[in-house]
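Subject: The structure I promised you

Hi there,

Here is the structure we talked about, handed over for you to open in your own viewer. My notes on what I found follow below it.

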Amino acid sequence: MNEIEQKRNQINLELRSLLTIIDMIDGKSKNYQDYKENSMSENEFLNQQLELVQEAKSRLLNIFKS
């Protein structure tokens with residue numbers, strides 16, 4: 001695995017780990033897609049990661065609003 005693919009995988013893993021922690025807090029468990037090496041263009045990968053970050057942000061805001 002080349003360095004960029006390692007970093008892509010690490011970013012995806014870290015975001016999914018963060019969302020799993022949020023799952024434990026708000027009790028709304030979901031399945032988050034793993035990143036598979038060389039499975040997406042740069043744009044597709046960035047879009048996927050942006051969606052994960054936006055979901056985490058939204059869910060955290062909802063937790064603190066409650």
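To begin with a small puzzle: in which part of the chain is the place of Asn38? Asn38 sits in the loop between α1 and α2. I picked this residue because it is not a glycine and still has a positive phi, about 55 degrees, and because it counts as exposed, at 55% relative accessibility. Please keep in mind throughout that this is a predicted model.

**The overall picture**

The protein has two helices and zero strands. Its C-alpha trace spans about 40 × 20 × 15 Å along the principal axes. Of its 66 residues, 26% count as buried. About 4,900 Å² is exposed, and carbon and sulfur atoms supply 55% of that area. Looking at contacts with a separation of 6 or more, 67% come from residues 24 or more positions apart.

**The core**

Six residues make up the largest nonpolar core: Leu15, Leu19, Ile22, Tyr32, Leu52 and Ala56. Both α1 (3–26) and α2 (42–65) supply at least two residues of this core, and the largest share, three residues, comes from α1.

Ile22 is a good place to look at this core from. Apart from neighbours within four places in sequence, Ile22 is in contact with Gly27, Ala56, Arg59, Leu60 and Ile63. Of these, Ala56 is itself listed in the core, while Arg59 comes back below as a salt-bridge partner of Asp26.

Gln49 is also worth a click. This residue of helix α2 counts as buried, with 6% relative accessibility. Leaving aside neighbours within four places in sequence, Gln49 is in contact with Ile11, Asn12 and Leu15, and Leu15 is one of the core residues.

**The charges**

There are 9 positive and 11 negative side chains, and the centres of the two sets lie 8 Å apart. The salt-bridge count comes to eight. Three of the pairs deserve a closer look.

- Glu42 and Arg8 meet through their side chains, with an N to O distance of 2.4 Å. Glu42 belongs to helix α2 and Arg8 to helix α1, so this pair ties together parts that are 34 residues apart in sequence. Glu42 is partly exposed at 42% relative accessibility, whereas Arg8 is buried at 7%.
- Asp26 forms a salt bridge with Arg59, and their closest N and O atoms are 2.8 Å apart. Asp26 lies in helix α1 and Arg59 in helix α2, so the pair ties together parts 33 residues apart in sequence. Asp26 counts as partly exposed, at 22% relative accessibility; with buried meaning under 20%, Arg59 is buried, its relative accessible area being 9%.
- Lys30 and Glu55 meet in a salt bridge of 3.1 Å, N to O. This pair links distant parts of the chain, 25 residues apart: Lys30 is in the loop between α1 and α2, and Glu55 is in helix α2. Lys30 counts as partly exposed, at 45% relative accessibility.

How do the last two pairs fit together, and which residues are linked in a network of salt bridges? The network consists of Asp23, Asp26, Lys30, Glu55 and Arg59. For a single view, you could select those five residues together with Ile22, which is in contact with Arg59.

**Back to the loop**

Asn31 is another residue in the loop between α1 and α2. Is Asn31 buried or exposed? Asn31 is exposed, with a relative accessible area of 78%. If you want a distance to check in your viewer, take Asn31 and Leu18: they are 13 residues apart in sequence, and their C-alpha atoms are 13 Å apart in space.

To pull the threads together, α1 and α2 each give at least two residues to the largest nonpolar core, and the helices are also joined by salt bridges such as Glu42 with Arg8 and Asp26 with Arg59. The loop between them takes part too, through Lys30 and its bridge to Glu55.

Happy browsing, and do write back with any questions.

Best wishes

How values were computed: Residues numbered from 1 in each chain as written. Predicted model: local features only at pLDDT ≥ 70, side-chain atom pairs only at ≥ 80, totals over all residues. Heavy atoms only, no water. Helix = DSSP H or I, 4+ residues; strand = E, 2+ residues; numbered from the N terminus. Buried < 20%, exposed > 50% of the residue type's maximum accessible area, 1.4 Å probe, protein only. Contact = heavy atoms within 4.5 Å. Areas by Shrake-Rupley, 256 points an atom, 1.4 Å probe, with all protein chains shown as cover. Lys, Arg positive; Asp, Glu negative; His and termini not counted. Charge placed at Lys NZ, Arg CZ, Asp CG, Glu CD. Core = buried A, V, L, I, M, F, W, Y, C linked by side-chain atoms within 4.5 Å. Salt bridge = Lys/Arg side-chain N within 4 Å of Asp/Glu carboxyl O.
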